Amino acid sequence: APSPREAWGKVGMGGGCHMTQTPITLTADASVVAAVFNRRASHLCFALGDGTARIVALDGGGVNEVTLTDIGSILALSQDMDDAGWLAGLDDGRLVRLEADGTISELARHQGKWIDQVTSSPSGLRAYGAGKDAFIGDDKGFGPARTHPSTVAGVAIDPKGKRLAVAHYGGVSLWWVNSTDSKPKVLPWKGSHVSVCWAPDGGYV
């Protein structure tokens, strides 16, 4: 499969989705919230602000339209832990998995909260934020809440799948994935932190 950079030259924001190589224009009445390739680079998912998504097959196989308005609109989108699907956080408190064929599977639900931070790792882990709580788990489910002093603003799993980094106001908290009763190591820094990621070797965030 072609790499994302080779497959499409440009992703447009606003009321349309524009892609090059084999030119295609997907016209929509809503802005693009996120555009994410699956790990296989076989499909590209556009999440739109009207509660729908467009999943494009990069081999010319067409476009699937996914409607989520009956359960919520997508606030966050990422690759899932396998090479085929995506994780989506919704404004009705649900975490769902999207398949390339448009199938939707619910993974978690938090009534009255937004799921606006999601991530996964090829090591077989998923993580997301709901209010001040972060959750991490695998295909069998999620562990207990990891609570922070303010709203979770970013989540990232280290390359080895051993630690979870959570950004929030005042710094970043580092949690051991397999320990449910330990306290996090806090990296304090004044101000708002709106994102976090790991170095490729997992040595620092």
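Here is a chat about how some labels on this predicted model are earned.

User: Before we start, what are the ground rules for this model?

Analyst: It's a predicted model, so local features need pLDDT of at least 70 and side-chain atom pairs count only at pLDDT 80 or more, while totals for chains, interfaces and linings use all residues. Residues are numbered from 1 along each chain as its sequence is written, and side-chain values use heavy atoms, with hydrogens and water left out.

User: What makes something a helix or a strand here, and how many does the protein chain have?

Analyst: Both are DSSP runs, numbered from the N terminus: a helix is H or I over at least four residues, and a strand is E over at least two. The protein chain has 1 helix and 19 strands.

User: How do you know that strand 17 and strand 18 pair?

Analyst: Two strands pair if DSSP finds at least two bridges between them. Strand 17 (residues 163-168) and strand 18 are joined by 6 bridges, so they pair, and they run antiparallel. One of these bridges links Leu164 to Trp175 in strand 18. The hairpin they make has 2 residues between the strands, and Gly170 there takes a positive phi near 95°.

User: What about strand 18 and strand 19?

Analyst: Strand 18 (residues 171-176) shares 4 bridges with strand 19, again in the antiparallel sense. Leu174 has Lys185 as its bridge partner in strand 19, and Ser173 has Val186.

User: Which strands of that sheet are called edge strands?

Analyst: The open sheet runs in the order 16-17-18-19, with antiparallel pairing. Strand 16 (154-157) and strand 19 (185-188) each pair on one side only, and that puts them at the edges. From one strand to the next, the twist averages 20°; axes are lines fitted to C-alpha atoms (for helices over the stretch in contact), and angles run from 0 to 180 degrees between N-to-C directions.

User: Why are strand 7 and strand 10 edge strands too?

Analyst: They belong to another open sheet, which has 4 strands in the order 7-8-9-10 and antiparallel pairing. Strand 7 (74-79) and strand 10 (104-109) each have a single partner strand, so one side of each has no neighbour in the sheet. Strand 9 (residues 94-98) and strand 10 pair over 5 bridges, and Arg94 has Arg109 as its bridge partner in strand 10.

User: Why is strand 18 called mostly covered?

Analyst: Buried means under 20% relative accessible area, exposed means over 50%, and partly exposed is in between (1.4 Å probe, protein chains only). In strand 18, 5 of its 6 residues are buried, so "mostly covered" fits. For the whole protein chain, buried residues make up 49% of the 205 residues.

User: And is Trp114 buried or exposed?

Analyst: Exposed: its relative accessibility is 53%, and the cut-off is over 50%, so the label holds. Trp114 is found in the loop between strand 10 and strand 11. Contact means heavy atoms within 4.5 Å, and, not counting residues up to four places away in sequence, Trp114 touches Leu75, Leu90, Asp91, Gly129, Ala130 and Gly131.

User: What makes a group of residues a nonpolar core?

Analyst: They must be buried Ala, Val, Leu, Ile, Met, Phe, Trp, Tyr or Cys residues, joined through side-chain atoms within 4.5 Å. The largest such core has 17 residues, and Leu68, Ile74, Leu77, Trp86 and Leu98 have the most contacts inside it. Strand 8 gives the most, with 3 residues. Apart from that core lies another, of 11 residues, among them Leu125, Ile157, Val166 and Trp175.

User: What makes a space a pocket and not a cavity?

Analyst: Picture a 1 Å grid over the protein atoms alone: a cavity is a set of points where a 1.4 Å probe fits but cannot get out, while a pocket is an open set with protein on both sides within 12 Å along at least five of seven lines. The largest pocket holds about 290 Å³ of space; grid points are joined across faces, edges and corners, and the volume is what probe spheres set on the points fill. Lining residues have an atom within 4 Å of a point. There are 16 of them here, and Ser78, Gln79, Val118, Thr119 and Ser120 are the closest to the centre. Strand 11 gives the most to this lining, with 5 residues.
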